[in-house]
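Work through the exercises below with the model open beside you. Try each task before you read its solution.

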Amino acid sequence: MSATRHDSPGTVPASQPALRDQFGRSIEYLRISVTDRCNFRCLYCMPETGMQWLPKSEILSYEEIAEVVRQLAPLGLRRLRITGGEPTIRPQLHELIRMLHAVPEITDIALSTNGVRLPELAPLLREVGLDRINMSVDSLRAERISHIARRTLGFDPVRAAQAAEDAGLGPIKINMVVMRGINDDEIEDIARLTLTHPWHVRFIELMPVGDMRALTWEHVVPSDEILSRLRAIAPLTPSAGPERGNGPAAYYQWAGAVGNIGVITPMTHTYCASCNRVRLTADGRLRTCLFGDHEVDLRTPLRAGEQLEPLFRQALADKPKEHQLLQMQIGGLRALSQVGG
Ligand code: SAM
Ligand code: SF4
């Protein structure tokens, strides 16, 4: 029997002051990176060799992560996403989920994963309180998966997503990072998953960040191009999609499909105005924007037993109005695996 929720998802009780940044955006959503390590080396995310991993002593323990959440929850935090690196390679991940589920204000816990360990882990993660997953699927072809991930782990992404759904971790979101000339010929095949599965397939515009010499702006496929290719198969109508709160995807549907098709457009449209998220890095820094240097160290005060609330408020006061991704140079930004993308 899986764990049940404490109350219905949604809004902050009126008695508690919601955390709001200087532009009035409320922060109900925290992405937590539990590791910077990964069993993949995706072309767009990490160099193949030479990654410098964080020493174990610098990584927050599960108890420390739970304490950050316990201190943020009374200020309005409601929803969590566990990410990385690849979160499922950190041992005993279910223990963290169990602790987070026990925080009374938290109404929703999601996991971002490459899916390799889902067939084995999904039932236990559900049982201890995980609500749903996002899974990265950049190809359906075994050889190409190995080429993009630069690892041969021999797994079938559709089977992994199905295992998560069978364990009760739906609605399943599938994320494909589209790269011109590398996997863009599979846009249609991956979208067709929505004809037979109630999944939300989202196409992400490649962000040329981090140390990715093999990829350039020429590999970016704008979402308008993706959508027009899908419209050439059959008309798409706008759909509500699965998002709670202000998610970044816009959703569409083919007539008769049981799932939705979404696009996430960091390169061609910014969604900063509705950004409701902050990030906790694996080494305990609170980042208020995925890009740029807006971060506050929580680990030092946490380990000194200090209260974190003044630091949360300071971090939010500094949350930028919008990111500068389009104005920045390729390679000048940290890879998403390091900031909990
Ligand atoms: N390992 C997990 C996974 O792959 O889903 C979670 C961490 S991964 C850094 C989180 C998300 O960031 C994935 O959906 C991945 O595809 C996306 N991502 C990483 N680097 C990216 C880039 N350069 N451009 C666009 N999306 C990127
Ligand atoms: Fe690992 Fe996810 Fe980055 Fe791929 S995108 S290298 S799976 S952290």
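The exercises go from the whole protein to single residues.

This is a predicted model, in which local features need pLDDT of at least 70 and side-chain atom pairs count only at pLDDT 80 or more, while totals for chains, interfaces and linings use all residues. Residues are numbered from 1 along each chain as its sequence is written, and side-chain values use heavy atoms, with hydrogens and water left out.

**Exercise 1. The whole protein**

Task: Find how many helices and strands there are in the protein.

Solution:
- Step 1. Take helices (H or I, at least four residues) and strands (E, at least two) as DSSP runs, numbered from the N terminus.
- Step 2. The protein has 11 helices and 12 strands.
- Step 3. Turn to burial. Buried means under 20% relative accessible area, exposed over 50%, and partly exposed in between (1.4 Å probe, protein chains only). Of the 341 residues, 56% are buried.

**Exercise 2. The sheet**

Task: Work out the strand order of the open sheet and name its edge strands.

Solution:
- Step 1. Two strands pair if DSSP finds at least two bridges between them.
- Step 2. The 12 strands of this open sheet follow the order β7-β8-β9-β6-β5-β4-β3-β2-β1-β10-β11-β12, and the pairing is mixed.
- Step 3. β7 (236–239) and β12 (295–297) pair on one side only, which makes them the edge strands.
- Step 4. Compare two pairings. β1 and β2 run parallel and share five bridges. β10 (residues 277–280) and β11 (residues 285–287) run antiparallel, with two bridges.
- Step 5. Pick out facing residues. Arg31 has Arg81 of β2 as its bridge partner. Leu280 stands opposite Leu286 in β11.

**Exercise 3. A covered strand**

Task: Decide whether the residues of β2 are buried or exposed.

Solution:
- Step 1. Five of the five residues in β2 are buried.
- Step 2. Check each face. Arg79, Arg81 and Thr83 lie on one side, Leu80 and Ile82 on the other, and all are buried.

**Exercise 4. Three salt bridges**

Task: Locate the partners of Glu95, Asp108 and Glu188.

Solution:
- Step 1. Apply the rule: a side-chain nitrogen of Lys or Arg within 4 Å of a carboxyl oxygen of Asp or Glu. The count is 19 salt bridges.
- Step 2. Glu95 meets Arg98 at 3.4 Å, N to O. Both sit in helix α2 (residues 93–101), three residues apart, so about one helical turn separates them. Glu95 is partly exposed at 30%, and Arg98 is partly exposed at 42%.
- Step 3. Asp108 pairs with Arg132, with the closest N and O atoms 2.6 Å apart. Asp108 is in β3 (residues 108–113) and Arg132 in β4 (residues 132–136), so this pair ties together parts 24 residues apart in sequence. Asp108 and Arg132 are buried.
- Step 4. Glu188 meets Arg229 at 3.2 Å, N to O. Glu188 belongs to helix α6 (residues 187–191) and Arg229 to helix α8 (residues 223–231), 41 residues apart. Glu188 counts as buried because its relative accessibility is 18%. Arg229, at 23%, is partly exposed.

**Exercise 5. A buried charge**

Task: Determine which side chain of opposite charge is nearest to Arg299.

Solution:
- Step 1. Lys and Arg count as positive, Asp and Glu as negative; His and the chain ends are not counted.
- Step 2. Arg299 is in helix α9 (residues 299–303).
- Step 3. Arg299 is buried but has no salt bridge, and the nearest side chain of opposite charge, Glu58, is 4.3 Å away.
- Step 4. Look at the backbone too. The backbone oxygen of Glu58 lies 2.8 Å from a polar atom of the Arg299 side chain.

Technical notes:
Chains lettered and ligands numbered in written order. Polar contact = N/O pair within 3.5 Å; in protein donor to acceptor, adjacent residues only side chain to side chain.
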